[in-house]
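Colleague: I keep meeting words like "buried" and "contact" when people talk about structures. Could you show me how such labels are earned?

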Amino acid sequence: MVDRGIFKAYDIRGVVGKTLTVDAVRAVGAALGRRALAAGVRETVVGRDGRLSGPELSAALADGFRDAGVSVVDVGMVTTPIVYYATYELGTGTGVAVTGSHNPPDYNGLKMVVAGEALYGDAITALGDEVIRGGAPAVAPGARGGLREASVGERYLARVAGDIRLARPMKIAIDCGNGVAGAFAPELFRRIGCEVVELFCDVDGTFPNHHPDP
């Protein structure tokens with residue numbers, strides 16, 4: 001049974017193991033896979049933030065896509081913007097970030113792009129209807145989507161740093177709240193010429209200092 005309450009205006013979000021379950025995420029992956037195939041997409045990007053539930057939920061999401069016949073490129077633990085960048089860089093136009101955003105540790109969720117279009121509003125409502133109704137059965141084993149890994153973090157950092165030039169040196173403090181941004185933000189700002197003071201930039205899905213809320 002999938003909880004309709006996880007389908008929000010701009011994402012899918014819920015309490016892990018209660019409203020947001022592994023089975024629900026796999027069903028969402030399959031429904032997104034069917035939408036991707038209808039749009040002519042055969043491959044999607046999947047990434048996750050630093051939450052403890054991320055590996056299990058991203059694996060379930062990937063399984064759902066593959067069940068629908070869509071291959072998955074796993075880009076690992078990255079920020080949501082890096083997932084979006086990967087859809088462009090890897091040419092899929094489609095991707096899902098498994099992320100709880102700024103919410104407490106027991107939350108997680110999905111931010112979705114299919115064929116270059118972000119899903120929100122009525123599109124998420126319709127997706128929820130499809131998931132709750134139950135979609136088409138899984139494809140035959142021989143038609144199941146594949147799985148590969150790709151690393152795009154360095155390419156993202158190089159691209160952004162290559163686009164920005166500071167007018168003058170700056171000293172900045174960055175508080176990442178132990179979220180996944182800590183794996184990328186300090187390095188990025190150093191590359192564009194900042195002196196960086198780091199606060200809580202070690203990725204820790206228990207968020208021992210405060211919620212990862214800017």
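Modeller: Sure, and keep in mind that this is a predicted model. Let's start with "contact", which means heavy atoms within 4.5 Å. By that rule, and leaving out residues up to four places away in sequence, Ile12 touches Ile6, Phe7, Leu20, Val28, Asn108, Gly109, Leu110, Met112 and Leu127.

Colleague: Which residues have the most contacts inside the largest nonpolar core?

Modeller: Ile12 again, together with Leu32, Met112 and Leu127. That core has 29 residues. At least two of its residues come from each of α1 (22–38), α2, β4, β5 and α4 (122–133), and α1 gives the largest share, 6 residues. There's also a second, separate core of 26 residues, with Leu90, Ile172, Val180 and Ile192 among them.

Colleague: What makes Asp11 count as buried?

Modeller: Its relative accessibility is 8%. The cut-off for buried is under 20%, so Asp11 gets the label. Asp11 sits in the segment before β1 (12–15). Beyond four places in sequence, Asp11 touches Ile6, Leu110, Lys111, Met112 and Ile124.

Colleague: And which side chains make polar contacts with the side chain of Asp11?

Modeller: Two to look at here: the side chain of Arg13 at 2.7 Å, and the side chain of Lys111 at 3.3 Å. The limit is 3.5 Å between N or O atoms, with one able to donate a hydrogen and the other to accept it, so the Lys111 pair makes the cut.

Colleague: Is Asp67 buried or exposed?

Modeller: Buried: the relative accessible area of Asp67 is 15%, and the bar is under 20%. Asp67 belongs to helix α2 (residues 54–67). The side chains of Asp67 and Arg26 are joined by a polar contact of 2.7 Å.

Colleague: How do you know that Cys201 is in no disulfide?

Modeller: Look at the distance. The rule asks for two cysteine sulfur atoms within 2.5 Å. For Cys201, the nearest cysteine sulfur belongs to Cys176 and is 3.7 Å away, so the pair misses that cut-off. The count for this model is 0 disulfides. For Cys194, the nearest cysteine sulfur is that of Cys201, 13 Å away, and Cys194 is in no disulfide either.

Colleague: Why are Cys194 and Cys201 called buried?

Modeller: Try the numbers yourself: Cys194 has a relative accessible area of 9%, and Cys201 is at 8%. Buried means under 20%, so both earn the word.

Colleague: Which residues of helix α3 (residues 80–89) are buried, and what do they pack against?

Modeller: The buried ones in α3 are Thr80, Ile82, Val83, Tyr85, Ala86 and Thr87. They pack against β2 (43–48), β3 (71–77), β4 (95–98), β5 (107–114) and α5 (153–163). Just past α3, Gly91 takes a positive phi of about 75 degrees.

Colleague: What makes β8 and β9 a pair?

Modeller: Bridges! A pair needs at least two, and strand β8 (residues 170–175) and strand β9 (residues 194–199) have 6, running in the parallel sense. Ala173, for one, stands opposite Val197 in β9. To get from β8 to β9, the chain goes through helix α6 (residues 185–191), and this β-α-β crossover is right-handed.

Colleague: Why is the crossover called right-handed?

Modeller: Picture the strands pointing away from you: the path from the first strand over the helix to the second must run clockwise. The crossover from β8 through α6 to β9 is right-handed, so that's the direction you'd trace.

Terms used: Residues numbered from 1 in each chain as written. Predicted model: local features only at pLDDT ≥ 70, side-chain atom pairs only at ≥ 80, totals over all residues. Heavy atoms only, no water. Helix = DSSP H or I, 4+ residues; strand = E, 2+ residues; numbered from the N terminus. Buried < 20%, exposed > 50% of the residue type's maximum accessible area, 1.4 Å probe, protein only. Core = buried A, V, L, I, M, F, W, Y, C linked by side-chain atoms within 4.5 Å.
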